[in-house]
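Open the model in your viewer and keep the selection box handy. We will walk through it stop by stop, and at each stop you will be told what to pick and what to look for.

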Amino acid sequence: MWAWFHKWSSPRWFYQLSGTLLPWLAVISLAALIVGVAWGLMFVPPDYKQGNSFRIIYIHVPAAAVAMAGYLLMATAGAISLIWRIKLADMVLKCAAPIGAALTFLALVTGAIWGKPTWGTWWVWDARITSVLVLFFLYIGIIALYEAFDNKEAAGRASAILALVGAVNIPIIYWSVEWWYSLHQPASISFTGESSIHPQMLRPLLLTITGFYCFFGWVLLLKVRNEILHRERSTRWVRDLILSR
Amino acid sequence: MHPLRRQRLAIVLLIIAGTAAAAALLGYALRENINLFYPPSDIVAGKAPVGRDIRAGGMVLEGSVKRASDSLQVSFIVTDYQANVPVTYTGILPDLFSEGEGVVVLGQLDAEGLFHADQVLAKHDENYMPPEVTDALEKAKSQSGAPEPSKPY
């Protein structure tokens, strides 16, 4: 198991493996997003109460889900880089933050656009919306903290600690609609029981969720590969790679 | 595991446990304040302050909505099916406002227990259905006779 772990931590090996993974992620995410969005916007019947405005769910829910999952990935990478000092984990932490911030922003904006016609307001300081805003600030804080240090090792360590501290926000976001009275409705998709969203509407949603996850993986790999080349630019294998092009 | 790494792992676990404990204490201290609104039973029980801006949330009681014929004034009852709070509001209601649906109102409670709302928000539930499905559900309900009580959230 340790050998496997160490193999993964080698930037060179990761660069090669991610190269073969990239086209698959790209194709799956583009296909799932195009089909899912077209299906959700054009072929699914409108909601019995909200009419057509419910269709923003096909962007809002995947963006929010991947923003939270991306944070967990980033915090895990932070823990690994703190404990084992693995360079690759530090690169994942650094590269995941801007993608997560963008997705959180998208979730907040689409939520506000939906909130206006549905609730009658763009914004309410309820537990769910406020905790997602905190998630956005955490992402921004991690990006800023990483850039604030000239010493990149110190930057990685400080950002990893912030990422770990902020991880407590993820269960708060997830269960905020259960623990407190909020304006935001509870989850419609259930992992254990029957979902309260009709299967006809759920299928394209699952497709766009898959698409967003693959999109996150795709962009993350692109950024990490770029970071690897930059940090290892003085090594022999990178020089050989560039010269062979 | 290398002792140094074991020590770092312990520190990481300590950070997680510490922030979780801090968040739990914070949530415990603020438990009432994080709630966006008071349910009607808390208001009737006198737990909500009088004359200050608060929010009340619940369902709009079926058959309780009364509109004035010469103004935008509207009155209705917010209920959690245990207690009722009468609400009066002047203004435009959100599209999704209707009887038997969730609602959150912002305003002040007066000494008589009447809620003067400055803002009315519709609270959407987690159910998403095509219209044909609701028609079918309605039909099934009317055939079986007994109407299902709508679920208070």
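## Stop 1: the two parts of chain B

Start by colouring the two domains of chain B separately: their C-alpha centres, domain 1 to domain 2, lie 40 Å apart. To make the selection, use residues 1–34 for domain 1 and residues 36–144 for domain 2. Bear in mind as you go that this is a predicted model.

Now show the whole of chain B as a cartoon. You should find 4 helices and 6 strands. Following the chain from the N terminus, the order is α-α-α-β-β-β-β-β-β-α, so to speak a run of helices, then strands, then a closing helix.

Turn chain B to view its full extent: along the principal axes, its C-alpha trace spans about 80 × 45 × 25 Å. Its radius of gyration is 23 Å, whereas a compact globule of 153 residues would be near 15 Å. Buried residues account for 24% of the 153 residues in chain B. If you look at contacts in chain B between residues at least 6 apart in sequence, 47% of them link residues at least 24 apart.

## Stop 2: chain A

Next, select chain A. What secondary structure does chain A hold? Chain A has 9 helices and 0 strands, and its pattern along the sequence reads α-α-α-α-α-α-α-α-α.

The C-alpha atoms of chain A fill a box of roughly 60 × 35 × 30 Å along the principal axes. Its radius of gyration is 20 Å, which agrees with the value near 18 Å for a compact globule of 245 residues. Of those 245 residues, 43% count as buried. Among contacts in chain A between residues at least 6 apart in sequence, 76% join residues at least 24 apart.

An unreviewed UniProt entry gives "transmembrane region" for residues 21–44, 56–84, 96–115, 127–149, 161–181 and 201–222 of chain A. Select two of these to try it out:

- Residues 96–115 of chain A are 100% helix and 0% strand, with end C-alpha atoms 28 Å apart.
- Residues 201–222 of chain A are also 100% helix and 0% strand, and here the end C-alpha atoms are 32 Å apart.

## Stop 3: a loop in chain A

Zoom in on Ile86(A), in the loop between helix 3 and helix 4 (87–118) of chain A. Is Ile86(A) buried or partly exposed? It has 19 other C-beta atoms within 10 Å, and because 20 or more are needed to count as buried, Ile86(A) is partly exposed.

Show its surroundings too. Setting aside neighbours within four places in sequence, Ile86(A) is in contact with Ser9(A), Ile80(A) and Ser81(A). Then draw a distance to Trp8(A): the two C-alpha atoms are separated by 9.6 Å, although the residues are 78 apart along the chain.

## Stop 4: where the chains meet

Bring both chains back into view. Here 34 residues of chain B are in contact with 38 residues of chain A. On the chain B side, helix 1 (3–29), strand 6 and helix 4 each supply at least two residues. Helix 1 of chain B gives the most, with 9 residues. Colour this side of chain B by class and you will find 21 nonpolar, 6 polar and 7 charged residues.

## Stop 5: the annotated binding site

Which residues should you pick for the "binding site" feature in the unreviewed UniProt entry? Select His124(B) and Tyr128(B).

His124(B) sits in the loop between strand 6 (115–123) and helix 4 (131–144) of chain B. It is buried, with 22 other C-beta atoms within 10 Å. Apart from residues up to four places away in sequence, His124(B) touches Gln50(A), Thr118(A), Trp119(A), Gln185(A) and Leu96(B).

Tyr128(B) is in the loop between strand 6 and helix 4 of chain B. It counts as buried, with 25 C-beta neighbours inside 10 Å. Beyond its neighbours within four places in sequence, Tyr128(B) contacts Asp47(A), Phe54(A), Ser188(A), Ile197(A), His198(A) and Met201(A).

## Last stop: the nonpolar core

Finish with the largest nonpolar core, which has 98 residues. Those with the most contacts inside it are Ala67(A), Val92(A), Ala96(A), Val87(B), Val103(B) and Val105(B). Helix 3 (residues 57–84) of chain A gives the most to this core, with 17 residues.

Note on methods: Residues are numbered from 1 along each chain as its sequence is written. Chains are lettered from A and ligands numbered from 1 in the order in which they are written. This is a predicted model: local features need pLDDT of at least 70, side-chain atom pairs count only at pLDDT 80 or more; totals for chains, interfaces and linings use all residues. UniProt positions are given in the numbering used here, feature names are shortened, and annotations may be inferred rather than shown by experiment. A residue is buried if 20 or more other C-beta atoms lie within 10 Å of its own, exposed if 12 or fewer, and partly exposed in between; C-beta atoms are placed from the backbone. Two residues are in contact if their C-beta atoms, placed from the backbone, lie within 7 Å. Ala, Val, Leu, Ile, Met, Phe, Trp, Tyr, Cys and Pro count as nonpolar, Asp, Glu, Lys and Arg as charged, and the others, Gly among them, as polar. Domain bounds come from an automatic or database domain assignment. The radius of gyration is taken over C-alpha atoms; the globule rule is 2.2 Å times the number of residues to the power 0.38. A nonpolar core is a set of buried Ala, Val, Leu, Ile, Met, Phe, Trp, Tyr and Cys residues joined through C-beta atoms within 7 Å.
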